[in-house]
Amino acid sequence: MPIKVLSAAAFFAVALSLTAQSPQPARRFDGQSWWNHVKFLADDSLGGRETGSEGLRKAESYVVDQFSKARLQPVGIDGFYQPVKFVSRQIVEKDSSASLIVSGKTDPLTLGEDACFATRAELSSDEVTASLAFVGYGLQIPEKNYDDLSGLDLHGKIIVYLAGSPSNIPTALASHYQTIGERWKSLKQAGVIGVITIPNPASMDIPWSRMSLNRAHPSMDLIGPEFDETQGLKMAMIFNPAQAEKLFAASGHTFTEIAAVGKDRQPLPHFPLQVSLKAHASVKTTPVESANIIGKLPGNDPALKNEYVVISAHVDHIGIGEPLNGDRIYNGAMDNASGVAVLLDLAAKFNAHSEQLRRSILFVIVTAEEKGLLGSKYFAAHPTVPPKSMIADINLDMFLPIVPLKVLKVPGLQESDLGDRAREAAQLFGVRVQPDPEPLRNVFIRSDQYNFIRHGVPALKLDFGYEPGSPEQRIFKDWLTNRYHAPSDDTSQPVDLAAAGLFEDIVRQLLISVANTDAKPQWKADSFFRRYSMEAAK
Ligand SMILES: [Zn+2]
């Protein structure tokens, strides 16, 4: 409601009626039990929970123990477990090479310093030589008549693009078209054979030095043609923005100029480059096995108990890597032992205080999120409950209780009426909600909720938020720069236990609300993501 039409008297009437009808629900959590789970999962002895590792198996058996104690029912394939198979791909740099060819002259690139190979896709085992073209953000968004590929002959070329999206494209739409699969669909159709991504210096979560440090760390993908989204992609590299001027030699443009325009997400030019890439990637592949874990808390309404409110969190992290300040273990305390710990805590409390739940709650702990949301991709394609019985997904990933909880950030807030439910649940505890204030970071497609969305399920992610311009904004920014995907995301960092407990109470309230409200959550009529629920209904 616009502020103008709401008189002070009306405002107080609304406020009073809210207080009168909705007393704050009982508090169940103080953050201590949550922290105990985080301490177990992020302990050095679990070695950073790399997908397929012994450490992750230990973490998963801890989760299964906790689920059993909380009397969840196993609904995996093998008890609580749903096995998932992967191929791991690791670049062998000593047998790989890349050069730029500028007016007949070959200029070798220093791997790690200038650029690195991206092995998430299955790259060609042959040497690839192709000319380059700059295509702005590299996006085709038919809904907005937006086309970075038009007017250029891209057949047989490798395209260069700046990561991100123009500011006039709505966040959700922009996020969707930046997924690997959607991006490759339009590039492939244009005849492109490879991609060079330049991270946008204005929106890099972690500095190039840290990105490049772990470039020999394995990438993974799900096994099976149904999961291959990059068929035909022969070459993929990421280019250091600080060295990107090399790509623009003799083109009449500079990267400085491109970055200045991209900083404010303004429209970018598209033009052929005068440089070719000659590259050969040697990649070692290994099969890897891991698992998702699925437990059910049954509802008690005769009809609604066959529907599930999903709460999900990934348990994997990135394992052991190159040392930073003498520490090689990437513990992933916030990313995402913290989210798993909330699920364990919720399951235990639902067991201790039997709530009247009409629908069932499905606790889904997924693997291989860090490898590209792979465990959830597999689960959403092969769920262990009927696909249409999942009516909502609430996903927790790195919610960051590092400041007091005044504002709950809700990626997906405006997309479905789940956002309204989240707002109500938060308000009961005196907490405001906000949509994602940093759309450039793409968080709506960067965690597991996205795979549920792709299968038609309304979903949200819940995080700690901040007022733009507040001291908290600085704290979050510093956390990303220094601790995100670094060994210092461990249990020696400061966290706000009381705030974590309050967050858990809000999540619990939201689950109860979704489980017990007659109507199923619905996408908003104007939400872009509604299309997937229409497709799923067919
Ligand atoms: Zn992560």
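**Exercise 1. Val128**

Task: Place Val128 in the secondary structure, decide whether Val128 is buried or exposed, and state how far its C-alpha atom is from that of Leu428.

Solution.
1. Val128 sits in strand β6, which covers residues 128-134. The model is predicted.
2. The relative accessible area of Val128 is 5%. Buried means under 20%. Val128 is therefore buried.
3. Along the chain, Val128 and Leu428 are 300 residues apart. In space, 59 Å separates their C-alpha atoms.

**Exercise 2. The whole chain**

Task: Describe the chain by its secondary structure, its radius of gyration, its box and its buried share.

Solution.
1. Start with the elements. The chain has 14 helices and 23 strands.
2. Next, test the radius of gyration. A compact globule of 538 residues would come out near 24 Å. The chain has 24 Å, so it agrees with that expectation.
3. Take the box along the principal axes. The C-alpha atoms fill roughly 75 × 60 × 50 Å.
4. Finish with burial. Of the 538 residues, 56% count as buried.

**Exercise 3. The zinc site**

Task: Name the donors of the zinc ion, classify their arrangement, and locate Asp335 and His485 in the chain.

Solution.
1. List the donors. Asp335 gives an OD atom, Glu370 gives OE twice, and His485 gives NE2. The distances run from 1.9 to 2.4 Å.
2. Read the spacing. Along the chain the donors follow D-x34-E-x114-H.
3. Locate the pair. Asp335 belongs to helix α8 (residues 333-352). His485 lies in the loop between α12 (471-482) and α13 (497-516). The two are 150 residues apart, and the pair links distant parts of the chain.
4. Check burial. Asp335 and His485 are both buried.
5. Check the angles. The 4 donor atoms subtend 56 to 141° around the zinc ion. Tetrahedral needs all angles between 85 and 135 degrees. The arrangement is irregular because of its angles.

**Exercise 4. The cavity**

Task: Count the cavities of 30 Å³ or more, give the space in the largest cavity, and sort its lining.

Solution.
1. Rolling a probe the size of a water molecule over the atoms shows where empty space is left.
2. Apply the size limit. The structure holds 1 cavity of 30 Å³ or more.
3. Give the volume. The largest cavity contains about 50 Å³ of space.
4. Name the lining: Arg120, Ala121, Ile180, Asp221, Phe227, Glu229, Thr230 and Lys377.
5. Sort these residues. The lining has 3 nonpolar, 1 polar and 4 charged residues.

Definitions and conventions. Residues numbered from 1 in each chain as written. Predicted model: local features only at pLDDT ≥ 70, side-chain atom pairs only at ≥ 80, totals over all residues. Heavy atoms only, no water. Donors = N, O, S within 2.8 Å, 3.2 Å for Na, K, Ca; no water. Tetrahedral: all angles 85-135°; square planar, octahedral: opposite > 155°, others 65-115°. Helix = DSSP H or I, 4+ residues; strand = E, 2+ residues; numbered from the N terminus. Buried < 20%, exposed > 50% of the residue type's maximum accessible area, 1.4 Å probe, protein only. 1 Å grid on protein atoms, 1.4 Å probe; cavity = no way out; pocket = protein on both sides within 12 Å on 5 of 7 lines; lining within 4 Å. Points joined across faces, edges and corners; volume = space filled by probe spheres on them. Nonpolar A, V, L, I, M, F, W, Y, C, P; charged D, E, K, R; others polar. Rg over C-alpha atoms; globule rule 2.2 N^0.38 Å.
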